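I am opening a notebook on a structure that is new to me. I will write down what I look up, entry by entry.

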Amino acid sequence: MREYKRDANHQSLCGYARQLGVQVYDCPWAGRYSPGWPDAMWVIAGVIVMVEIKTEAGEMEDSELEWHALFSGPVEIVRTEADVRRVIEKCGAVRFEEGLR
């Protein structure tokens, strides 16, 4: 089976999102067919959000920027657990209090 490129924090951030009740669909293979396609699709309170996972220092590739600009739905860049919580809150699923981990 072919291995697809994932950022070092990909598994941990997707795992964290799952712990918080997010349906996570991993799709790093999709970039092979549609350059720039985000790393994952998350379903949060019935809202489909395309998620680009980057490390703290990771930069967006041109194909990713182009894909994000063309997509009419929500696309989020996630680097940290705080970003995961931000995306969940943005979808109106839950409000996190300061300091929650």
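**Entry 1: Ala17**

I began with the contacts of Ala17. Setting aside residues up to four places away in sequence, I find that Ala17 touches Val22, Val24, Trp42 and Val84. I note that the model is a predicted one. Ala17 sits in helix H1. Is Ala17 buried or exposed? Its relative accessible area is 0%. The cut-off for buried is under 20%, so I log Ala17 as buried. I then looked at Val84, one of the residues that Ala17 touches. From C-alpha to C-alpha, Ala17 and Val84 are 6.3 Å apart in space. In sequence, 67 residues separate them.

**Entry 2: H1 against H3**

Ala17 led me to a pair of helices. How do H1 and H3 lie relative to each other? I looked up their axes, which come within 10 Å and cross at roughly 40°. An angle of 35 to 65 degrees falls outside the parallel and perpendicular ranges, so I record H1 and H3 as oblique to each other. Their crossing is right-handed. Which residues make the contact? On the H1 side I list Leu13, Tyr16 and Ala17. On the H3 side I list Glu81, Val84 and Arg85. By class, this contact of H1 with H3 has four nonpolar residues, two charged ones and no polar ones.

**Entry 3: H3 itself**

I stayed with H3, which spans residues 81-90. Which residues of H3 are buried? I find Asp83, Val84, Arg85, Val87 and Ile88. Val84 and Arg85 are thus buried, and they also belong to the contact with H1. Next I asked what the buried residues of H3 pack against. One partner is helix H1 (10-19). The others are strands: S2 (40-44), S3 (47-53) and S4 (75-78). Just after H3 I checked Gly92, where phi is positive at about 75°.

**Entry 4: the strands**

H3 pointed me to the strands, and I took them pair by pair. S1 covers residues 23-26 and pairs with S2. The sense is antiparallel, over four bridges. In this pairing I looked up Tyr25, and its bridge partner in S2 is Met41. S2 also pairs with S3, again in the antiparallel sense. Here I find five bridges. Val43 has Ile48 as its bridge partner in S3. How do S3 and S4 run? They run parallel, and four bridges join them. Ile53 is bridged to Val78 in S4.

I also checked how covered these strands are. In S2, four of the five residues are buried, and I note the strand as mostly covered. S3 is mostly covered as well, with five of its seven residues buried.

**Entry 5: the turn at Ala45**

S2 and S3 form a hairpin, with two residues between them. Ala45 lies in the loop between S2 and S3. I looked up its phi, which is positive at about 50°. Ala45 is not a glycine, and I marked it for that. Is Ala45 buried or exposed? Its relative accessible area is 58%. Exposed means over 50%, so Ala45 goes down as exposed. I set this beside Ala17, which is buried at 0%.

**Entry 6: Asp7**

I then went back to the segment before H1, where Asp7 is found. Asp7 has a relative accessible area of 18%. That is under the 20% limit for buried, so I enter Asp7 as buried. What does Asp7 contact, leaving aside neighbours within four places in sequence? I find Asp39, Ile53, Lys54 and Thr55. Ile53 is already in my notes as the bridge partner of Val78.

**Entry 7: the whole chain**

Last, I stepped back to the chain. How many helices and strands does it have? I count three helices and four strands. Along the sequence their pattern reads α-β-β-β-α-β-α. The chain has 101 residues, and 38% of them are buried. I also looked up the contacts with a separation of 6 or more. Of these, 50% are between residues 24 or more positions apart.

Technical notes: Residues numbered from 1 in each chain as written. Predicted model: local features only at pLDDT ≥ 70, side-chain atom pairs only at ≥ 80, totals over all residues. Heavy atoms only, no water. Buried < 20%, exposed > 50% of the residue type's maximum accessible area, 1.4 Å probe, protein only. Contact = heavy atoms within 4.5 Å. Pairing = 2+ DSSP bridges. Axes fitted to C-alpha atoms, helices over the stretch in contact; angles between N-to-C directions. Parallel < 35°, antiparallel > 145°, perpendicular 65-115°, else oblique. Left-handed = near helix turned anticlockwise from the far one by under 90°. Nonpolar A, V, L, I, M, F, W, Y, C, P; charged D, E, K, R; others polar.
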